[in-house]
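Thanks for sharing this one; here are a few notes to read alongside the model. I have kept them short and numbered so you can check each against the coordinates.

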Amino acid sequence: MAVYTHLSAEDLAELIAQYDVGRLVSAKGIAEGVSNSNWLVETTGSASAGTRFILTMYERRIEIEDLPFFLALLDFLSAHDCPVPRTIHDRQGSAFRTIDGKAVALIEFLPGVSVDHPTAAQARAVGVALARVHVAARDFDGARTNTLGIAESRRVLEACGEVALAAIDPRLPAALALAADVEAQWPGDLPASVIHSDLFPDNVLMLGADVSALIDFYFACTDAMAYDLAVTHAAWSFDKAGETFSEDVGTALVEGYESIRTLSARERACLPILAQGACLRFVASRAEDWIGTPADALVTRKDPMAFLRRLDFYRAQGTAAFA
Ligand SMILES: Nc1ncnc2c1ncn2[C@@H]1O[C@H](COP(=O)(O)OP(=O)(O)O)[C@@H](O)[C@H]1O
Ligand SMILES: N[C@@H](CCOP(=O)(O)O)C(=O)O
């Protein structure tokens with residue numbers, strides 16, 4: 001589920017009246033997602049904005065000070081031919097408003113569905129879309145530090161502690177030493193741009209083998225482009241549990257990416273360590289969430305072991321994982 005806050009019909013109508021999008025017709029809570037509350041909103045429409053929108057209320061993990069960066073990025077990428085929804089600005093020109101102290105934004109609705117079992121053709125299209133974002137975002141004048149980099153992942157795992165990690169799974173404390181090892185090898189000088197950094201299948205909407213939208217840019221930050229490719233490789237090329245690797249999917253993703261932006265020899269050589277760092281980022285945030293979320297909470301906890309298994313794979317395979 002992902003509607004954490006109740007908004008009455010009156011609240012919604014009053015909010016929608018602040019935008020030039022016609023009158024509210026309906027608003028339905030969206031079940032998918034874990035971080036924010038989302039509604040699919042329909043209005044009577046206006047010539048410039050259409051009739052369907054996503055209303056997002058920012059609930060967790062997002063600092064309000066970062067919202068102008070995230071929302072301006074959506075507008076920039078959308079204006080630069082990337083499949084990214086633009087934000088709808090209110091009558092005063094603001095990209096977001098607040099209701100009872102919580103920030104909300106109205107975002108263009110784009111069609112498409114998230115796939116659970118990606119094909120190679122779909123992965124290729126995602127690689128193309130990711131590279132387009134990287135190339136376009138080089139001209140975006142905003143910047144944001146990656147607050148979930150390798151050093152922070154190590155700190156998060158240390159803060160969880162060996163005992164709590166072992167209570168999730170006896171193999172999980174091994175991530176502590178792995179994080180220190182990966183941090184020691186981390187390349188600090190790779191070509192950077194603004195990156196998505198969480199491009200999982202549930203953050204891509206597809207129509208067949210075409211990407212119709214990249215969504216959920218709320219971890220976007222300035223970092224190495226090859227790291228973003230490694231995150232996407234780890235997210236797309238395995239089954240959810242991280243037990244089975246789909247070589248054809250991984251290869252197609254990298255090929256799609258390189259059809260737009262060629263990786264340098266150094267970026268290619270760094271992919272195995274970048275992928276291990278990517279895995280540790282999700283091991284760490286999932287372990288932290290697991291410990292902080294009661295077992296009977298409405299939100300489904302994500303298994304950190306699914307990314308420790310992927311990490312083992314990348315360590316064992318080295319560059320062969322990206323052949
Ligand atoms: N611009 C959009 N167009 C169409 N559907 C969207 C759009 N943005 C979000 N959604 C829908 O809302 C769901 C949750 O959005 P998401 O941003 O991933 O939430 P969360 O940040 O909570 O994970 C998505 O899975 C998708 O179904
Ligand atoms: N993709 C991350 C979790 C981030 O959640 P999102 O719903 O905001 O994309 C993971 O799988 O751990």
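1. The shell around ligand 2 splits into 3 nonpolar, 4 polar and 4 charged residues. Bear in mind, as you look at these contacts, that the model is predicted.

2. Which residues make up that shell? Around ligand 2 you will find Gly-33, Val-34 and Ser-35, then Asp-198, Phe-200, Asn-203 and Asp-216, and finally Phe-282, Ser-285, Arg-286 and Lys-302. Both domain 1 (9-108) and domain 2 (120-322) supply at least three residues each to the shell of ligand 2.

3. Ligand 1 has 21 residues around it, of which Glu-32, Gly-33, Ser-35, Pro-85 and Asp-216 come nearest. Gly-33, Ser-35 and Asp-216 are also listed around ligand 2, so please have a look at how the two ligands are placed there.

4. By class, the surroundings of ligand 1 comprise 11 nonpolar, 6 polar and 4 charged residues. Here too, domain 1 (9-108) and domain 2 (120-322) each contribute at least three residues.

5. On annotation, an unreviewed UniProt entry assigns residues 27-261 to "domain: Aminoglycoside phosphotransferase". In the model, that span is 36% helix and 21% strand, and the C-alpha atoms at its ends are 40 Å apart.

6. Last, confidence. The protein chain has a mean pLDDT of 95, with 98% of its residues at 70 or more. The scores for the model are ipTM 0.95 and pTM 0.96. As a general caution, coordinates predicted with low pLDDT should not be read in detail.

Note on methods:
Residues are numbered from 1 along each chain as its sequence is written. Chains are lettered from A and ligands numbered from 1 in the order in which they are written. This is a predicted model: local features need pLDDT of at least 70, side-chain atom pairs count only at pLDDT 80 or more; totals for chains, interfaces and linings use all residues. A residue is near a molecule or strand if its C-beta atom, placed from the backbone, lies within 6 Å of it. Ala, Val, Leu, Ile, Met, Phe, Trp, Tyr, Cys and Pro count as nonpolar, Asp, Glu, Lys and Arg as charged, and the others, Gly among them, as polar. Domain bounds come from an automatic or database domain assignment. UniProt positions are given in the numbering used here, feature names are shortened, and annotations may be inferred rather than shown by experiment. Helices (H or I, at least four residues) and strands (E, at least two) are DSSP runs, numbered from the N terminus. pLDDT is the predictor's confidence in each residue, from 0 to 100.
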